[in-house]
Each structure stands twice: as structure tokens, then as C-alpha cells.
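Colleague: I have not worked with this protein before. Could you take me through the model?

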Amino acid sequence: RIRARADCNTSVRSLCEHLLRKTGSLRFFGKDTMEPPPSGQAERAVSFVHSVILDHLLEHHPQALEALLDTQAADVEAFLQSRCQARRLAGELLWKQHLRRGR
């Protein structure tokens with residue numbers, strides 16, 4: 001049973017990574033900005049499409065989002081930083097990531 005769960009988690013992560021890679025270049029007028037953040041702001045931009053996908057994962061599949069923390073397909077850490085003030089779970093996932101990286 002544990003092996004089946006691990007295989008399912010791997011499949012979900014692979015599917016989400018694929019979706020994030022395929023949608024990485026999509027931009028929506030009025031929703032995405034192509035300009036860098038103002039000076040003094042360290043916040044990295046997360047695309048509108050990636051925000052929608054990652055918001056859904058945060059709300060409904062937090063384990064899948066946690067599995068994506070090390071992916072290169074999206075800036076999950078920047079997404080969690082943008083949500084950690086309003087969403088406790090986002091802060092917890094960000095904290096776990098920082099512990100893993102030794103920060």
C-alpha cells in the first residue's frame with residue numbers, strides 16, 4: 001500500500017511538472033507583467049497561469065505542491081512567499097523548504 005501511494009505521488013508530481021513546463025511561456029494581458037520588480041523589491045514574479053495551478057495545489061493537494069518545491073518548472077518558492085502572509089499552509093511549506101536547504 002505504501003509503494004502504491006509513493007507511485008501515485010510520483011505520478012502526480014510528474015503530471016504537475018509537465019503542466020507547469022508546458023504553460024511556462026503563457027502570458028495574459030493585464031495579468032502578467034514583463035517588467036522587473038521595482039528596485040528594492042526582492043519578490044520574483046510568478047506567472048498568472050502558474051499562480052492558478054499552484055493555488056489549486058495549495059488548496060486541494062498540498063502534498064503535490066510540497067513535492068514540487070525543488071522543480072525547475074516553476075518558482076514554487078516565490079509563489080509560497082507571495083502567499084505565506086495570507087495562507088498558513090504556504091508558510092509551513094516554505095519553512096520546511098528552508099529547513100531542507102539549511103537556511
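Modeller: What follows is a short conversation about the helices of this protein and some of their residues. Please keep in mind that the model is predicted.

Colleague: Let us begin with the overall picture. How many helices and strands does the secondary structure come to?

Modeller: The protein has five helices and zero strands. Read from the N terminus, the order of elements is α-α-α-α-α.

Colleague: What percentage of the residues count as buried?

Modeller: The protein has 103 residues, of which 28% count as buried.

Colleague: And what share of the contacts with a separation of 6 or more is between residues 24 or more positions apart?

Modeller: Such pairs account for 61% of those contacts.

Colleague: I would like to look at α4. Which of its residues are buried?

Modeller: The buried residues of α4 are Val76, Glu77, Ala78, Phe79 and Leu80. They pack against three helices, namely α2, α3 and α5.

Colleague: Glu77 caught my eye. Why does Glu77 count as buried?

Modeller: Its relative accessibility is 8%, and the cut-off for buried is under 20%. Glu77 therefore counts as buried. The residue belongs to helix α4, which covers residues 76-83.

Colleague: Which side chain does the side chain of Glu77 join in a polar contact?

Modeller: The partner is the side chain of Arg101, and the polar contact is 2.6 Å.

Colleague: Then how do α4 and α5 pack, in angle and distance?

Modeller: Helix α5 spans residues 88-101, and α4 packs with it at an angle of about 135 degrees, the axes being 8 Å apart. That angle makes α4 oblique to α5. The crossing of these two helices is left-handed.

Colleague: Which residues meet there?

Modeller: From α4 the residues are Glu77, Leu80, Gln81 and Arg83, and from α5 they are Ala90, Leu93, Leu94, His98 and Arg101. Sorted by class, this contact of α4 with α5 has four nonpolar, two polar and three charged residues.

Colleague: Ala90 is in that list. Is Ala90 buried or exposed?

Modeller: Ala90, a residue of helix α5, is buried, with a relative accessible area of 0%.

Colleague: What is Ala90 in contact with, leaving aside neighbours within four places in sequence?

Modeller: With those neighbours set aside, Ala90 is in contact with Leu58, Leu80, Arg83 and Cys84. In addition, the C-alpha atoms of Ala90 and Glu66 are 9.6 Å apart in space, while the two residues are 24 residues apart in sequence.

Colleague: Let us turn to the other pair. At what angle do the axes of α2 and α4 cross?

Modeller: They cross at roughly 70 degrees and come within 11 Å. The two helices are therefore roughly perpendicular to each other. In handedness, α2 passes α4 in a right-handed crossing. On the α2 side the contact is made by Ser51, Leu54, Asp55 and Leu58, and on the α4 side by Val76, Phe79 and Arg83. These residues of α2 and α4 divide into four nonpolar, one polar and two charged.

Colleague: Where is the place of Ser51?

Modeller: Ser51 is in helix α2, which runs over residues 48-60. Ser51 is buried, at a relative accessible area of 12%.

Colleague: And its contacts, beyond neighbours within four places in sequence: which are they?

Modeller: Ser51 is in contact with Val46, Phe79 and Arg83, apart from those neighbours. The C-alpha atom of Ser51 is separated by 9.9 Å from that of Leu80, which is 29 residues away along the chain.

Colleague: A change of topic: where is Thr71 found?

Modeller: Thr71 is found in the loop between α3 and α4. Thr71 is buried, with a relative accessible area of 6%.

Colleague: Which backbone nitrogen does its side chain reach?

Modeller: The side chain of Thr71 reaches the backbone nitrogen of Ala73 at 3.1 Å. Leaving aside neighbours within four places in sequence, Thr71 is in contact with Arg13, Glu17, Arg21 and Val76.

Colleague: One last residue, Gln63. Buried or exposed?

Modeller: Gln63 counts as exposed, at 56% relative accessibility. Its place is in helix α3. Gln63 and Arg13 are 50 residues apart along the chain, and their C-alpha atoms are separated by 9.3 Å.

Definitions and conventions
Residues are numbered from 1 along each chain as its sequence is written. This is a predicted model: local features need pLDDT of at least 70, side-chain atom pairs count only at pLDDT 80 or more; totals for chains, interfaces and linings use all residues. Side-chain values use heavy atoms; hydrogens and water are left out. Helices (H or I, at least four residues) and strands (E, at least two) are DSSP runs, numbered from the N terminus. Buried means under 20% relative accessible area, exposed over 50%, partly exposed in between (1.4 Å probe, protein chains only). A polar contact is a pair of N or O atoms within 3.5 Å; within protein, one must be able to donate a hydrogen and the other to accept it, and residues adjacent in sequence count only if both atoms are side-chain atoms. Axes are lines fitted to C-alpha atoms, for helices over the stretch in contact, and angles run from 0 to 180 degrees between N-to-C directions. Angles under 35 degrees count as roughly parallel, over 145 as roughly antiparallel, 65 to 115 as roughly perpendicular and the rest as oblique. A crossing is left-handed if the near helix is turned anticlockwise from the far one by less than a right angle, and right-handed if clockwise. Contact means heavy atoms within 4.5 Å. Ala, Val, Leu, Ile, Met, Phe, Trp, Tyr, Cys and Pro count as nonpolar, Asp, Glu, Lys and Arg as charged, and the others, Gly among them, as polar.
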